Every structure is written in C-alpha cells, then in structure tokens.
2 protein chains.
Amino acid sequence: MQTALTAMLGIEHPIILAPMAGGPSTPALAAAVSTAGGLGMLGAAYLSPEALRREIAEVRRLTDRPFGVNLFVPEAPDVAPEAVARAQALLDPYRAELGLPPSPTVTRYGEAFDEQLAVVLEERVPVFSFTFGALPAGQIRALRDAGIRVVGTATTVAEGRALAEAGVDAVVAQGSEAGGHRGTFDADEAHMLRALVGTLALVPQMVDALRVPVIAAGGIMDGRGLVAALALGAGAAQMGTAFLACPECGANAAHKAAVLAATDESTVITRAFSGRPARGIANRLSEELRPHAAELPPFPALNALTRDIRQAAARQGRAEYLSLWAGQAAALATSRPAAEVVRDVLGQAERVRRGLAEM
Amino acid sequence: MQTALTAMLGIEHPIILAPMAGGPSTPALAAAVSTAGGLGMLGAAYLSPEALRREIAEVRRLTDRPFGVNLFVPEAPDVAPEAVARAQALLDPYRAELGLPPSPTVTRYGEAFDEQLAVVLEERVPVFSFTFGALPAGQIRALRDAGIRVVGTATTVAEGRALAEAGVDAVVAQGSEAGGHRGTFDADEAHMLRALVGTLALVPQMVDALRVPVIAAGGIMDGRGLVAALALGAGAAQMGTAFLACPECGANAAHKAAVLAATDESTVITRAFSGRPARGIANRLSEELRPHAAELPPFPALNALTRDIRQAAARQGRAEYLSLWAGQAAALATSRPAAEVVRDVLGQAERVRRGLAEM
C-alpha cells in the first residue's frame, strides 16, 4: 500500500515504529522495522549525544533503508526545591523496599537537546521526529535544508496547525489510546481533560485541518487498525505497543510480560513516573502516587528522580515500580519478531481491504 | 454495504442512529434514518410508557422500515438525603439566575422500567437496545421470543462478554469518543479511569472476544469513520452526534449551535448533569460542579434534580446550564436533513473503499 507519505519517506509500507525512549527502543528493533519495509525509529530522548551517534551507526550497519530519530522538545519548567523534596519523601519508601539509598542527589534532569539535535543534523538521519511541542521554524528549516524529513507530534488539531505552520513535513496525530507519553504541548490537568481525543475522532479532523500528511497513532495493533487508519485519511500508522514484546525490543522482561497479560482495562494515564501524563499499565506506583499528582515536580525533573527506582525494579523484575508504558489495545500484542509483526499486519490488511471491497 | 448484522436487522446500510434520550430523540429523526436505509432509534429512557407507545406509533406512521427503541437498565442506588440536600444547595444559585424557585421537591427519579419494557414487548418493536448494564437473561429471552432483536451496550470487553452470556443478538462497543452517557456498568471514579477505551482500540478487542456482531460507536461522523469501523471488524456504526444538528433532531437550538461550533477540544466527561459520567461540550455547569463530583448523588437522582434547570435553560437559550452531549468529532457535524447525512456518509464511504482498493 502506497500513500503520498510513504513516497515522501521512501518506504514500502505505511507502518512507522513509534519512538519508545528509555529502554524499549533499540537499533535492532528500528532496523528490523526498516528492513521489513516500514520506518524504524530510535526513541532517543534519553540518549547522550555520544550514545545517539553510536545507535545511529548501529542502525546503519543493520539496514540500508530509511529510519528516523525522535527527540523531546526541551521544557525548562520551574522546579521548586520543595516539590523535589516532597517527591523524594514520597519515593524513599519504595527505595527502601528495593534496597536503594534514600534521596539520591540528582544534578541534571535531562540530556542537552541542542547537542542531540546537532548529532541528528551531522548524521543526516533520513527522518527526524519530535514530541512535546513545536520546534522553532528556524530549526525545522535547518533540518529540511540538510535533506531531513521532519515530523511533529500533535494530540489536538490546534497543535497540528502549530506544527504545520512551523514547517513540518508531516504530523503524527496521537490519539488517546496511545501508550507512553502524551505529546500534548500544554499538559496541565485542565487541558488534559479535553486533549485526550480518541484516534478515530482525531485523525479525520486533523486531516481536514492540515495540508501535510497525517500519521495516525494510538491503538493500532494489526491489519484492521492499519486499514482503519488509512480509511480515516492517514498516510501511515505509527505503532509502538505492537512491537513492545518483540525479541528485538529492549523493554525489560517484566514490562513485556505485563504487556502480554494486558486487557483493554489495564492502562491508565499517570504522571507518577515522569511528571508528564503518559499511558501505561496501572501498577502500585501509578496508583499510590495518583493522589499526590498535583504536588509532584514536572517533567523532566520527576523522571530523573524516579530513575534509580525504575532501574532497580527492572533489574529485580518488579513490575510494580516500573513505568509499564502501553496503549489501550496492548491485549493484541504478540512476542514474535518485528519482521513477522510487520508481515502479519500487512497480510491482515490485505484481507481487510478485500473484505471491504466485497461488502 | 452488507454485513451479517445488516442482514440480521433487516436494514440496507450499516448505519444505526444512536439513542439520544431527553430531547434529541424524535420519531421524525428515527423514521428519517430508517427510511434512508439505516436503523432509526428512539432514545426512550425518559419517556413514560404512554409517551413511548405514542412515539412508536408515530415512527410506524412515518416509515415501514425496521427501527429500534433504547432504554436504560434500571439502577437503584442508595440516595442519601444529605447528598440530595447538598446538590440542591449547589444548584440553587443557578436556579436563582434562571428565575426558578429554589430546591423543588422531586418525588420520583425516573420512569418505571418494567412498564416501559412491557410496551416494547407489546408493540413488538423490531430492535430493542439497552444501556447501563446487563439485562437479566430471562428478560432477553422473552424479548427474543417475541421476535425482537436485542442489542446491549458495552464499554469494555468484560462488559461485552457479560452481555453475550446474557444472550443478546449484538453488542454496541462504545468507545471513549462517544457523546452522551457512558454505558459503563460500574461507573465509579477508579473504574472510569480504565474504562474509557478509544473506539479504534476497543472494537477489534471486542470482535475477537465475542461471537455476536459488534456495533462500533464513538467518534464516527462520516464515510471515513464508517469504513474504519467496518475495517476494525464491526458490523455497523452507531452514530449520534452526526445527526444532532439535523432539522429532525429534537435537540434545542442552543445545543445544536454548540455542536456546530465545536472543536476536537470542546468536550469533557462530566457527572454534573445526571450523576453518571457522560461526554458533552464543556460549559459553566460542567466545570463549576467538577470539584463537587464526589458529593453529588448518583444517577438517576441527580438527573431528576437538575431537570428544572435544564428545561428552563433550554427555554431561555442559555447553553451554560444545558447538558450539551456531543462526541469528540462533533466538529464534523452538519445541519443537513438526516437523509442527506446518511446519503453523504454512504457516498464518502464508497470513495474511501475505492481509495483503499487502489492503494
């Protein structure tokens, strides 16, 4: 299946691997999806510039097909020392359970975006995608001038319009079903009540509002979802949870097991792990910290503060402290290799298209 | 387009009018959708048995095609007198603004379900649909024995399974995009965090879990949404907001104007009007009562308590006090007659199917 977007990106099939920063993303997974004819993607937001350069080289060693890199547009919120102290106090009991020292000193909340972006430019990656806001038009122009296709992420039509005005080549319409962080620019509580729009409602409205291609994201797991996305007017589907339990995926074993055991009612939107709303499988940490959501420091501060807990929990295989990012159709995930997932999605999409034609 | 469900229901096209009780539903709208080849539906939950009988007769006068009647499965929650007093105190300032007397005595919270259901049985309506729970298997059997097709409403796979076990002929999978009341059986706060599943994620999971046909609901407004629903495995699409601004629809003028002015960010889930979570366009009442949600009495008590306010607001054209039920794709609504809406949806669906076949 070819669309204007697959032609623009130089890919064979309208399937894009969702960026899954912080573990799940690996060069092997990105390369497998690209080799299968989709667009592989490195979720690189938490990588140092050096690590990002190494991962790009590794993808290139594994495939000669196009691929993408995703970064988070930097946020520099005011982080009140009292909010950090409060978060440490809330987190220390979990640290004790995991055998970790209390309240570690965190000197730095995230990687330097400008240095990460410089690597993307120098390496001339085929596709650059970004999340959490609109990149300035000047930076988008510099990327495009370097021959890089630029993709922004929107959860509302207004955000999509802002991205198109800034000059992106395509916009991801992230529906409320999507796993992981919400891309919502302004993620305060009041706005989040309105900015969780289901994929089936969001995509056609985005398509009508924008002149650039739209990529549907959220709840798409198989050939049915892919054809639905294309019917809604999307040029491709971005799929993350569908690849979460693949052997090439770097998600830890407890995370993969939770995805494979999920039902449609397993996930919630939580700020407990990173300070930014994200969809994951509900667990002890997401639910025990829910009443304290308003007191917690914002992203990326809280993300840095919970890192030692998440890393220890991954080592100890304790899912109750992990950010188990997953979308609302996680129950449809499989543990097959990524190339087989792509092949099965395409095969089912063919059957669905045939069925629709014969209805 | 024919599916197993359209054959079962004896309709030409896989389009079902969503029940929209409390004003929007009219015999004229139901008959118009049925005459156009879909399945018209009376949202009859708030009708007295006598009014229901009259409306069924009126539909039959206007069309000889199949149609449906929807009722709410009765809930008999404990309504604490203190919660009623608290609600009255919260509502009285709005009554004062509307020129209404304070704290009217409400002696009865809803219509008698058994009497409503008796009318459905006696009138042998072609299709009976229900919401807010699972009807007992014995009542479903009695309806089916009378030649009535029975359709339940589910917001999760577990609810869908319960309905199928109770013996329904088909299940509506109500995605989180849908306008109006959530059909969720247990609508407490903690469950609602997990039971708002997007249509695109919910439908395929429901289809995989059930052996009866699934009807997709939530966010479907045009031919793109209809084809997407069918691609996901649904046998038909249930559409409400798409018909809300039609001339045949009984929604008041302020409600129709709000729907036609909506964007993707206009709606919220609120308990403020009825005590049960429902999606509508955010307004003063939904937002000012949000902080008090936990104190408000449950459905149908609060619904009865806010009735005088909603009726006065409708008369005075004051949208800020109305329950402006609408789905997340309300921005795609038009004010054309229902027959034209059906015709346009089908025409666009044909173009979408052709486009998919040629991709």
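Here is a walk through this predicted model, from the fold of chain A to the place where chains A and B meet.

Let's start with chain A on its own. Its secondary structure adds up to 16 helices and eleven strands. The radius of gyration of chain A is 19 Å, close to the 21 Å that the globule rule gives for 359 residues, so chain A is as compact as a globular protein of that length. If you lay the C-alpha trace of chain A along its principal axes, it spans about 60 × 45 × 40 Å. As for the inside, 59% of the 359 residues of chain A count as buried. Look at contacts in chain A between residues at least 6 apart in sequence, and 69% of them turn out to join residues at least 24 apart.

Now bring in the partner. On chain B, 48 residues are in contact with 48 residues of chain A. Several elements of chain B each put at least two residues into that side, among them α7 (157-166), α9 (199-209), β10 (267-270) and α16 (338-358). Sorted by class, the side of chain B that touches chain A has 25 nonpolar, 16 polar and seven charged residues.

One spot worth zooming in on is where the two α16 helices meet. Packed helices are described by the angle between their axes and the distance between the axes. Here the axes of α16(A), residues 338-358, and α16(B) come within 10 Å and cross at roughly 140 degrees. That makes the two helices oblique to each other, and their crossing is left-handed. Arg353(A), Leu356(A) and Ala357(A) meet Arg353(B), Leu356(B) and Ala357(B) there. By class, this contact has four nonpolar, no polar and two charged residues.

Notes: Residues numbered from 1 in each chain as written. Chains lettered and ligands numbered in written order. Predicted model: local features only at pLDDT ≥ 70, side-chain atom pairs only at ≥ 80, totals over all residues. Contact = placed C-beta atoms within 7 Å. Helix = DSSP H or I, 4+ residues; strand = E, 2+ residues; numbered from the N terminus. Nonpolar A, V, L, I, M, F, W, Y, C, P; charged D, E, K, R; others polar. Rg over C-alpha atoms; globule rule 2.2 N^0.38 Å. Buried ≥ 20, exposed ≤ 12 C-beta atoms within 10 Å, placed from the backbone. Axes fitted to C-alpha atoms, helices over the stretch in contact; angles between N-to-C directions. Parallel < 35°, antiparallel > 145°, perpendicular 65-115°, else oblique. Left-handed = near helix turned anticlockwise from the far one by under 90°.
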